[in-house]
Amino acid sequence: MPATAPRTEMRRMPLSKITAVARASIHADAHELWDTPVDRSRYFVCPTTTPLYYAKIYHQLASHHQIRYNQLTAILFSELISYFESQFAASVCAAIAKSKGVDAGLTECLNRFVADEQDHIELWRRLSRLSEPDWYSESGWMLFRVTPPVAATLQLLTRRPQWFPMVYWIMLALEERSLDLSRRCIKMETEQIEPHYLWVYREHLKDEMRHVQIDWHLIDLYYSNKSSTLRRCNARLLQTAIGRFLLPPTRSAVRVVQRLAEEFPELNELLPEMKRQLRSLAENAAYQQMMYSRETTPITFGLFDRFPEMHRMQTTLLSYCPVRS
Ligand SMILES: [Fe+2]
Ligand SMILES: [Fe+2]
């Protein structure tokens with residue numbers, strides 16, 4: 001998009017409307033579904049959301065290898081999303097709740113936000129246990145790991161959002177990405193996608209649409225009023241976080257292909273090349289477009305436009321070109 005193009009007008013939902021939508025929200029009943037086993041012949045997630053799909057080597061794999069890669073990646077997604085919901089979003093919401101003068105309408109929205117995420121964590125874990133019962137009998141994490149320094153940094157950032165309001169941007173970007181993940185899965189042919197996963201992605205979408213609106217409120221309330229110096233520092237931190245952790249395939253994504261090769265020893269010869277191509281995806285335009293773009297993260301990009309310090313994201317995100325008013 002040219003930098004001189006007019007800015008698209010975005011409408012934020014008022015807090016009262018978010019609360020009204022939350023009160024009216026009903027999740028579909030799925031008791032019978034959970035009594036059935038996972039269908040291992042189908043995709044667990046839309047293939048276009050998986051990193052290796054954007055590498056040449058993916059298209060050289062046999063279809064049963066592609067499907068298993070897809071399933072392992074979906075299991076990793078469940079771990080990643082539940083980690084974010086349990087460790088990141090909940091901690092930020094708790095820190096806001098402790099601060100003085102929080103509007104009653106926002107408090108109600110945040111309470112519901114936290115309750116929703118508790119329900120989601122249960123759903124992701126249930127899905128993981130059903131998919132791989134042996135893996136999750138003791139630990140909640142099989143493919144995803146956070147190193148102690150990263151965990152300590154996340155704790156510092158999320159407990160002090162007044163100093164690190166970049167956490168609201170991370171919440172918005174990740175929740176918009178999870179909306180896109182759900183939408184792509186819902187658009188798939190019904191017989192291609194595994195029914196338990198489809199159900200969870202569909203139900204998750206209902207709540208995440210509200211959460212994205214709340215994240216937008218948090219940026220307006222607690223980021224936009226900070227000094228330009230603090231905002232510039234936070235924009236740099238956000239750019240580092242995106243460039244190092246939130247954009248490129250991480251070590252967990254490498255662990256997925258390692259696991260795939262363990263399950264299919266005939267892939268051992270291809271493993272080094274799979275890893276090499278995975279690592280090179282950070283510079284791949286189609287991969288970046290799927291991860292962050294005006295189509296997949298429109299509110300995040302629209303808000304980047306409003307804050308000049310966020311225009312620096314164009315040096316990390318290939319699909320971001322600031323639109324100035
Ligand atoms: Fe969620
Ligand atoms: Fe959420």
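# A tour of two iron ions, two cysteines and two pockets

Cysteine 46 is a good place to begin: at a relative accessible area of 8%, this residue is buried. Before you go on, keep in mind that the model in your viewer is predicted.

**Stop 1: the cysteine pair**

With cysteine 46 still selected, add cysteine 185, which holds the closest cysteine sulfur. Cysteine 185 is buried as well, with a relative accessible area of 0%. Draw a distance between the two sulfur atoms and you should read 5.8 Å, too far for a bond. How many disulfides does a search of the whole structure find? The search finds zero. For this pair the reason is the spacing: a disulfide needs sulfur atoms within 2.5 Å, and the sulfur of cysteine 46 sits 5.8 Å from that of cysteine 185.

**Stop 2: the iron ion, ligand 1**

Now select ligand 1, an iron ion, and show the side chains around it. Which protein residues act as its donors? They are Glu85 (OE), Glu117 (OE), His120 (ND1), His204 (NE2) and Glu208 (OE), at 2.0 to 2.3 Å from the iron ion. If you like to search by pattern, the donors of ligand 1 are spaced E-x31-E-x2-H-x83-H-x3-E along the chain.

Zoom in on two of these donors, glutamate 117 and histidine 120. Both belong to helix H4 (residues 104–131), and because they are three residues apart there, about one helical turn separates them. Their side chains also touch each other through a polar contact of 2.8 Å. Are these two buried or exposed? Glutamate 117 and histidine 120 are both buried, and for histidine 120 the relative accessible area is 3%.

**Stop 3: across to the second iron ion, ligand 2**

Keep glutamate 117 on screen and add ligand 2, the other iron ion. Glutamate 117 bridges ligand 2 and ligand 1, and the distance between the two iron ions is 3.4 Å. Around ligand 2, the coordinating atoms come from Glu117 (OE), Glu175 (OE), Glu208 (OE), which is listed twice, and His211 (ND1), at 1.9 to 2.4 Å. Here the sequence spacing of the donor residues is E-x57-E-x32-E-x2-H.

Next, colour helix H7. Glutamate 208 and histidine 211 both lie in this helix, three residues apart, or about one turn. Glutamate 208 has 1% relative accessibility and so counts as buried, the cut-off being under 20%. Histidine 211 is buried too, with a relative accessible area of 0%. Glutamate 208 is worth keeping highlighted: the donors of ligand 1 include this residue, and so do those of ligand 2.

**Stop 4: the largest pocket**

Switch on a surface and look for the largest pocket, with a volume of about 1,400 Å³. To centre your view, select Leu80, Phe144, Phe245, Leu246 and Thr250, which are the closest to its centre among the 44 residues that line it.

Which helices each supply at least two residues of this lining? Select H3 (63–98), H5 (148–159), H6 (166–187), H7 (195–222), H8 (228–246), H9 (251–263) and H11 (285–291). H3 gives the largest share, eight residues. Colour the lining by residue class and you get 28 nonpolar, eight polar and eight charged residues.

**Stop 5: the second largest pocket**

The second largest pocket has a volume of about 280 Å³. Select Leu179, Asp180, Arg183, Met209 and Pro298 to land nearest its centre; the whole lining has 17 residues. H6, H7 and helix H12 (298–306) each give two or more residues to this lining. The most come from H6, with six. Apply the class colouring again: this lining divides into seven nonpolar, two polar and eight charged residues.

**Last stop: an exposed arginine**

Finish at arginine 23, in helix H1 (residues 15–24). Is arginine 23 buried or exposed? Arginine 23 is exposed, with a relative accessible area of 61%. For a final distance, select the C-alpha atoms of arginine 23 and glutamine 192: they are 33 Å apart in space and 169 residues apart along the chain.

Methods: Residues are numbered from 1 along each chain as its sequence is written. Chains are lettered from A and ligands numbered from 1 in the order in which they are written. This is a predicted model: local features need pLDDT of at least 70, side-chain atom pairs count only at pLDDT 80 or more; totals for chains, interfaces and linings use all residues. Side-chain values use heavy atoms; hydrogens and water are left out. On a 1 Å grid over the protein atoms alone, a cavity is a set of points where a 1.4 Å probe fits but cannot get out, and a pocket is an open set with protein on both sides within 12 Å along at least five of seven lines; lining residues have an atom within 4 Å of a point. Grid points are joined across faces, edges and corners, and a volume is the space filled by probe spheres set on the points. Helices (H or I, at least four residues) and strands (E, at least two) are DSSP runs, numbered from the N terminus. Ala, Val, Leu, Ile, Met, Phe, Trp, Tyr, Cys and Pro count as nonpolar, Asp, Glu, Lys and Arg as charged, and the others, Gly among them, as polar. Donors are N, O and S atoms within 2.8 Å of the metal (3.2 Å for Na, K and Ca); water is not among the atoms, so sites may look incomplete. Buried means under 20% relative accessible area, exposed over 50%, partly exposed in between (1.4 Å probe, protein chains only). A polar contact is a pair of N or O atoms within 3.5 Å; within protein, one must be able to donate a hydrogen and the other to accept it, and residues adjacent in sequence count only if both atoms are side-chain atoms.
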